[in-house]
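Subject: Structure handover

Hello,

Here is the structure you are taking over. My notes on what was found in it follow below.

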Amino acid sequence: MEGGSENGGSECAHQEKGPDTLSTGEPKKAPLSVSTIQVNPCQRGNPILKEIRNVPWEFVEGIVPDYILGSHCVALFLSLRYFNLHPDYIHDRLKALGSGTKLRVLLVLIDQKDPHHALNKLMRICILSELTLMLAWNNLEAGKILETYKLYENKPPDMIMEKAGTHVHEKIIEALTTVKSVSKTDATTLLGVFGSLENILEASIDDLSSCPGFGPHKASRLHKVLTENFKRL
């Protein structure tokens, strides 16, 4: 798994298969499917693949990025530990990737203490290379980030942008973000998925966990607040 958090090798012996991987376990070849996340075989063994549960994914030979998330969006994966051991790796990958894709994401797994110095270097690389830097603090968050890009691929902008000027909407966002670990993006996602505060209040833990960016821990915490301590506006 290149850029991975385990051994940093080019490939792991054990292959994780996505919903649409060939039954033989061999990667498919182009043409690419627009309905799945396309995964570079070098990511075989990356534990974040286990966390991609709400959209199908498949290994595809011959692609340059680690993940193709849509017709205009690709992603490279990099663990911070691997970056510190192999600082030239990301430069080689970016050179091979080129600049032909509209949205290029660098997904970084924070897997070491005191990451600030390395992150400053990566931020500079992203600015100069016109990359979108996304940070994940564990494998679950990394998988959910990839899911979110795919799930919102064909959604209108207002599904993922704050509705400026809507007082009620702003109040709901403000209330939801008082819950620990729930960000503005999370709150906007909840409104986009469930449509109203009433539906969010009635959602089960499983319903909340299925939302992009939410795992069981965050969903349980939010559900507890909504059912026990939440004060209606």
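Two helices, α4 (139-151) and α9 (216-229), each supply at least two residues of the lining of the second largest pocket. Please keep in mind that this is a predicted model. Of the two helices, α9 gives the largest share of that lining, 4 residues. The full lining consists of Asn138, Leu140, Glu141, Lys144, Ser181, Gly213, Phe214, Gly215, Pro216, His217, Lys218 and Arg221. Sorted by character, these residues are 3 nonpolar, 5 polar and 4 charged. The space inside the second largest pocket comes to about 170 Å³.

Lys144 is one of the lining residues, and its place in the fold is helix α4. Is Lys144 buried or exposed? Its relative accessibility is 6%, so Lys144 counts as buried, the cut-off for buried being under 20%. Apart from its neighbours within four places in sequence, Lys144 is in contact with Glu51, Asn54, Ser209, Gly213 and Phe214. Gly213 and Phe214 also appear in the pocket lining.

Next, helix α4 as a whole. Its 13 residues should span 18 Å at 1.5 Å a residue, and the C-alpha atoms at its ends are 18 Å apart, so the two values agree. The expected value counts one residue less than the helix holds. The buried residues of α4 are Ala142, Gly143, Lys144, Ile145, Leu146, Glu147 and Lys150. Charged residues are therefore among the buried ones, Lys144 being an example at 6% relative accessibility. What do the buried residues of α4 pack against? Their partners are the strands β2 (37-39), β4 (67-70), β5 (73-79), β6 and β7, together with helix α8 (205-209).

One of those strands, β5, holds Ala75. Ala75 has a relative accessible area of 1% and is therefore buried. Leaving aside neighbours within four places in sequence, its contacts are Pro65, Asp66, Tyr67, Leu69, Val105 and Leu146. Of these, Leu146 is one of the buried residues of α4. Ala75 and Leu106 are 31 residues apart along the chain, yet their C-alpha atoms are separated by 5.7 Å.

Asp66, one of the contacts of Ala75, sits in the loop between β3 (57-61) and β4. With a relative accessible area of 0%, Asp66 is buried. Beyond its neighbours within four places in sequence, Asp66 is in contact with Gln38, Val39, Asn40, Cys42, Gln43, Ala75, Leu76, Phe77 and Arg93.

Another buried loop residue is Thr36, with a relative accessible area of 2%. Thr36 lies between β1 (28-29) and β2. Its C-alpha atom and that of Trp57 are separated by 4.9 Å, although the two residues are 21 apart along the chain.

Two other loop residues have a positive phi without being glycine. For Asp114, phi is near 50°; for Glu130, phi is near 55°. Asp114 is in the loop between β6 (103-109) and α3 (116-129), and Glu130 is in the loop between α3 and β7 (132-136). Are these residues buried or exposed? Asp114 has a relative accessible area of 66% and is therefore exposed. Glu130, at 69% relative accessibility, also counts as exposed, since the cut-off for exposed is over 50%.

On cysteines: how many disulfides does the structure hold? The number is 0. A disulfide is a covalent bond between the sulfur atoms of two cysteines. Cys42, which is among the contacts of Asp66, counts as buried at 11% relative accessibility. Cys126 is buried as well, with a relative accessible area of 2%.

Last, the chain overall. The chain has 9 helices and 7 strands. Of its 233 residues, 47% are buried. Taking contacts between residues at least 6 apart in sequence, 64% join residues at least 24 apart.

Regards

Conventions: Residues numbered from 1 in each chain as written. Predicted model: local features only at pLDDT ≥ 70, side-chain atom pairs only at ≥ 80, totals over all residues. Heavy atoms only, no water. 1 Å grid on protein atoms, 1.4 Å probe; cavity = no way out; pocket = protein on both sides within 12 Å on 5 of 7 lines; lining within 4 Å. Points joined across faces, edges and corners; volume = space filled by probe spheres on them. Nonpolar A, V, L, I, M, F, W, Y, C, P; charged D, E, K, R; others polar. Buried < 20%, exposed > 50% of the residue type's maximum accessible area, 1.4 Å probe, protein only. Disulfide = S-S within 2.5 Å. Contact = heavy atoms within 4.5 Å.
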